[in-house]
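This report concerns the surroundings of a bound ligand and two backbone angles of note. The structure is shown first, and the description follows.

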Amino acid sequence: MTKENQTYGVVVGLDIGTSKICAVISRLDEQGQPEVLGVANVPSRGIRKGVVVNLEQVALVTTAAIEKAELQAGLTVDSVILGISGGHIESTKSKGIIAISSHKEIDQTDVQRVIEAATTIVIPPDREIIHTLPQSYTVDDEVGIKDPIGMAGSRLEVQVNIITVAASSINNLIKSVYKAGFNTADIVLKSLATSRAVLKEEEKEEGCILVDIGSGTTNFMIYSENGIKHTGQLSIGGAHITNDISYGMKTTAHIAEQIKCDFGAAIADMVPLQAQIEILSPNGKTERVESRRLIAEIIQPRLEEILFLVNEEIEKTGLKPHLSAGIILTGGVASTEFIENLAEEIFQLPVRIGVPSKLRGLNEFINNPFYATATGLALYGLQYSQQNSPQKVVNKLGPMGSPDEDKNFQTIVSRIQGWFNEFF
Ligand SMILES: Nc1ncnc2c1ncn2[C@@H]1O[C@H](COP(=O)(O)OP(=O)(O)OP(=O)(O)O)[C@@H](O)[C@H]1O
Ligand SMILES: [Mg+2]
């Protein structure tokens, strides 16, 4: 296949995670519905706690993941919608105010102007703004307005949450993908993308918390009244659970990972006392028989720690009474048996497991919390390509390392801001 086979309107979501790199190729079908054409995941390398630590290794596995998805889709792609996460992400509140000329209804241009005013904040040179998320508007003295378009007034004010990332992290991600042979069309906060794939509109309206427990990170996002009120991340995830099992059961990380995924459980008391498992030696021979409950006894405290820390952060926001739709758990760790029960006990809210559900095709692969982020990234790309010409999505960045590198980087960052202004 040559790059000329790239199909018009095709979008690729690329989730470079701590444990796996996942690519989802999708496009809109004749009815305008999102459809998955190719899915692939390969074990990741060169990533620690969601952040690139070895560009070459990330590039290698990125090429492998995208080529695998291309084979399944039967076409080639040029550019990707890339997710970003990690402990370097910060959220800052800001406010913008503009005057509205008299006898005029507030329109889209005014909204864009006021958001731009709110985004004009001083940030350190080593950080970049990736999203500006409007929270609520004030028109003259009328506060708490969700959509001011069409209203009359002389003064428009907006409260926003500004999401910033370490400039080095975003640059290293884009460079790795470029080394892999692909351009980056956009960069999206992973929690935002994931919420797109797994949350229902009514959950966002009633108020909910999306918790994505991955391998090296746990990301969470609070929705209330259809807006994102808070985002947070912890540098802890499933890899810590594997380490605990490896240490506790005196076995290799590889075997500990298998035991965890095949026999793990979040609540020890829910595992029958008599249930036993065989722990294999690295050469595959049966080594010893252990109680399955013992594995859960190792997993439970670590999961409790993760969920307690998230709960603590949510309590601090004071928003908990407004989150009646509860917790939506996703990411690989959400597949742990009885995790809903444990989370319900800790959060004292209803809990469900979030799987991507808004795309047709390849459902047997996609319907798994593991694919939530990559699927969400593809959905964002499709929404963008619906509103703009698809050519704008591909080839947005020029060659990294070229004299235009900084300019290209700025272009992508400013366009990302514009894009999210439209949605939140
Ligand atoms: N069935 C399962 N039971 C328990 N844990 C599981 C299961 N399947 C996968 N996991 C764990 O989920 C984690 C991987 O999840 P995921 O793919 O969401 O992470 P990632 O996106 O690579 O990492 P991060 O988001 O932290 O960068 C691993 O720790 C893996 O062991
Ligand atoms: Mg992840």
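## Ligand shell and backbone angles

Ligand 1 is surrounded by 23 residues, of which Gly17, Thr18, Gly214, Gly238 and Gly332 come nearest; a residue counts as near a molecule if its C-beta atom, placed from the backbone, lies within 6 Å of it. The model is predicted: local features need pLDDT of at least 70 and side-chain atom pairs count only at pLDDT 80 or more, whereas totals for chains, interfaces and linings use all residues. Residues are numbered from 1 along each chain as its sequence is written, while chains are lettered from A and ligands numbered from 1 in the order in which they are written.

The shell around ligand 1 comprises four nonpolar, 16 polar and three charged residues. In this scheme Ala, Val, Leu, Ile, Met, Phe, Trp, Tyr, Cys and Pro are nonpolar, Asp, Glu, Lys and Arg are charged, and the others, Gly among them, are polar. At least two shell residues come from each of helix H6 (238-248) and helix H7 (253-263). Because domain 1 (3-86 + 168-195 + 357-408) and domain 3 (199-354) both contribute to the shell, ligand 1 lies between them; the bounds come from an automatic or database domain assignment.

Most residues other than glycine have a negative phi. Two lysines with positive phi are listed below.

| Residue | Phi | Loop between |
|---|---|---|
| Lys49 | about 50° | strand S4 (47-48) and strand S5 (51-52) |
| Lys250 | near 50° | H6 and H7 |

Helices (H or I, at least four residues) and strands (E, at least two) are DSSP runs, numbered from the N terminus. Lys49 counts as buried because it has 20 C-beta neighbours inside 10 Å, whereas Lys250, with 10 such neighbours inside 10 Å, counts as exposed. The cut-offs are 20 or more other C-beta atoms within 10 Å for buried, 12 or fewer for exposed, and partly exposed in between, with C-beta atoms placed from the backbone.
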